[in-house]
Amino acid sequence: MKKLLWLIGIMMGCFAALAQQDTNTYETRFAQATNHYWEGNFRVALDEFTQLYREYPDKATLSSEIGNCYLRLDQFDSAKTCFTKTLFMLPNDIEARVKLAFIAGIEGKTDSAISMYQQIINIEPTYAEAYAGIGKMYYWKNKPKSALRYYDKAIRLDPVNSDYLAYKKLLKKELAYQVTATGMYVTEREETYQISAIIQRYGVEKRFCDYFSLSVNTLWDYSLRNNVFDNDVRRWFDNSWLKANFMFKNQMISAFAGASGLENRVTSYGISWHSAFSIKKLHIKNYFTAAYDYYYYWNDIGHDYYQDMIRFNYKKLTVSAMYRYSVVRNKLVWTDVGDEIIHNPAHRVTADVNYAFFENPKLIVGLNYAYMDYKYASPLYYSPMNRHVAGLFISNFYRYKKFYTYEECSFGYDMDKFMQVSAGAEVGFDFGKVSLGLSGNYFYNKYYQNSSLLLTVKMSL
């Protein structure tokens with residue numbers, strides 16, 4: 001009996017030793033680290049893979065696994081170093097190149113990502129993910145025509161991939177004719193008049209290629225105005241305009257012109273330049289416009305203007321500022337020497353800073369400031385002099401599948417402590433090729449008020 005117990009003890013000791021030995025093998029430790037990774041314990045997995053790499057530096061798989069952990073921890077520079085090491089040992093490793101392309105894409109280096117995906121295609125011409133990756137980069141570069149071409153290649157290799165099919169559907173929609181119809185009811189009030197108007201606006205836009213789109217628009221306005229001089233003045237106004245967009249890398253130049261048949265006159269013309277670039281996580285956008293706008297047909301008011309707006313976005317913080325210099329063409333103004341018909345220059349400045357909370361709903365809270373100053377006051381159009389307004393702004397956007405809502409409100413006070421309020425709301429639904437939107441807006445201060453109700457229908461053909 002004693003011998004039997006002694007034998008069992010020896011066997012159990014051997015099994016324990018073997019079990020201990022098994023847990024220390026490369027394969028067992030690699031499996032444990034992999035298990036931690038798939039359980040979401042990326043930091044623990046990183047430590048374990050790193051320790052293995054110190055002991056087995058010749059195993060290229062380990063550098064890729066360490067890179068995957070860094071990637072999950074958003075430490076992109078360290079991840080790139082690891083995947084580059086993998087390629088040094090295994091030059092044709094496709095997965096390492098895919099990860100490097102992915103990192104380049106999310107860092108905004110789309111050209112580098114495209115180059116990396118192209119290298120994958122050179123190694124393996126039937127690798128569908130590489131074609132789809134190039135397609136996604138072109139989509140991010142706002143080149144839908146090129147993006148669609150590469151997604152078509154990816155779908156031919158993987159025809160049941162739902163992600164590829166969804167992007168193709170989205171791209172075909174962007175390249176289709178976009179038809180928009182909007183009906184509006186608008187009211188406007190100043191001290192000397194009140195206007196109510198029913199407005200119809202129609203537009204067709206087509207993206208012809210990566211670099212060019214064209215839109216044709218028309219507006220019909222039927223208004224009723226009551227003022228201290230005339231009652232029940234009814235008037236039709238029409239305005240049609242053409243806009244061409246030329247798109248380049250991080251830039252878009254637009255040229256536009258419009259005219260009214262009923263007024264028998266040019267209503268607008270000009271050019272705008274939009275640019276965007278990034279410095280790591282800082283995104284900068286600039287919008288410049290130089291144009292003429294016949295903006296108040298009741299009193300034949302038009303102005304020439306130059307406007308520039310710049311916006312800085314860092315993570316959830318946004319700061320923007322705008323400056324406009326305009327000159328109202330020869331119209332009646334009040335000067336120190338009496339009534340005169342002369343040009344009236346004006347300056348306008350706005351600035352705001354806001355912060356976004358959450359993702360969906362996206363709640364934005366901020367501060368804003370506005371300044372307007374015309375050289376002369378006029379009885380024919382809104383022409384404040386040395387007017388400052390500062391206040392608060394809040395907005396909320398929420399999306400549930402194909403349904404969305406948007407609300408915004410701002411309020412502030414001018415230097416005379418008069419209140420100014422602006423509010424708006426919109427609800428919409430996307431049916432695929434057809435989308436509907438219903439919105440309303442309201443603006444009030446002591447000198448001027450307006451409100452509007454809009455119904456918009458958009459359709460892809």
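Rings of Phe, Tyr and Trp, the last taken by its six-membered ring, are paired if their centres lie within 6.5 Å. The legends below describe close-up views of a predicted model.

**View 1. Aromatic rings joined in a cluster.** Ring pairs link Tyr 26, Phe 30, Phe 49 and Tyr 56 into a cluster. Across the structure as a whole, 25 aromatic pairs are found.

**View 2. A stacked pair of tyrosine rings, Tyr 382 and Tyr 448.** The two rings lie 5.8 Å apart from centre to centre, with 25 degrees between their planes, and the pair is therefore classed as stacked, a term that applies to planes under 30 degrees apart. The pair links distant parts of the chain, its members being 66 residues apart: Tyr 382 belongs to the loop between strand E11 (362–374) and strand E12 (387–400), whereas Tyr 448 belongs to the loop between strand E15 (434–444) and strand E16 (449–460). Tyr 382 counts as partly exposed because its relative accessibility is 25%, while Tyr 448, at 15% relative accessibility, counts as buried.

**View 3. Packing of helix H8 against helix H10.** Two packed helices are described by the angle between their axes and the distance between the axes. For helix H8 (residues 128–140) and helix H10 (residues 162–175), the angle is about 30 degrees and the axes are 11 Å apart, and H8 passes H10 in a left-handed crossing. On the H8 side, the residues in contact are Ala 128, Glu 129, Ala 132, Lys 136 and Tyr 139, which meet Tyr 164, Tyr 167, Leu 170, Leu 171 and Glu 174 of H10. Sorted by class, the contact of H8 with H10 comprises 7 nonpolar and 3 charged residues, with no polar ones.

**View 4. The surroundings of Asn 245 in strand E4.** Asn 245, placed in the strand that spans residues 233–248, counts as buried because its relative accessibility is 7%, which falls under the 20% limit for that class. Leaving aside residues up to four places away in sequence, Asn 245 touches Glu 205, Tyr 211, Phe 212, Ser 213, Met 252, Ile 253 and Ser 254. With Ser 254 there is also a polar contact between the two side chains, at 2.5 Å. The C-alpha atom of Asn 245 is separated by 10 Å from that of Phe 208, a residue 37 positions away along the chain.

**View 5. The surroundings of Thr 267 in strand E6.** Thr 267, found in the strand formed by residues 265–279, is buried, with a relative accessible area of 1%. Not counting residues up to four places away in sequence, the contacts of Thr 267 are Phe 237, Asn 239, Gly 258, Ala 259, Ser 260, Tyr 292, Asp 293 and Tyr 294.

**View 6. Backbone geometry at three loop sites.** Asp 74, in the loop between helix H4 (60–72) and helix H5 (76–89), has a phi near 60 degrees, a positive value in a residue other than glycine, and is exposed, with a relative accessible area of 56%. Lys 315 likewise has a positive phi, near 55 degrees; Lys 315 is placed in the loop between strand E8 (301–314) and strand E9 (317–335) and counts as exposed at 54% relative accessibility. At the third site, a cis peptide bond with an omega of about 10 degrees joins Asn 360 and Pro 361, and Pro 361 lies in the loop between strand E10 (338–357) and E11.

Terms used:
Residues are numbered from 1 along each chain as its sequence is written. This is a predicted model: local features need pLDDT of at least 70, side-chain atom pairs count only at pLDDT 80 or more; totals for chains, interfaces and linings use all residues. Side-chain values use heavy atoms; hydrogens and water are left out. Helices (H or I, at least four residues) and strands (E, at least two) are DSSP runs, numbered from the N terminus. Buried means under 20% relative accessible area, exposed over 50%, partly exposed in between (1.4 Å probe, protein chains only). Contact means heavy atoms within 4.5 Å. A polar contact is a pair of N or O atoms within 3.5 Å; within protein, one must be able to donate a hydrogen and the other to accept it, and residues adjacent in sequence count only if both atoms are side-chain atoms. Axes are lines fitted to C-alpha atoms, for helices over the stretch in contact, and angles run from 0 to 180 degrees between N-to-C directions. A crossing is left-handed if the near helix is turned anticlockwise from the far one by less than a right angle, and right-handed if clockwise. Ala, Val, Leu, Ile, Met, Phe, Trp, Tyr, Cys and Pro count as nonpolar, Asp, Glu, Lys and Arg as charged, and the others, Gly among them, as polar. Rings of Phe, Tyr and Trp (its six-membered ring) pair if their centres lie within 6.5 Å; planes under 30 degrees apart count as stacked, over 60 as edge-to-face and the rest as tilted.
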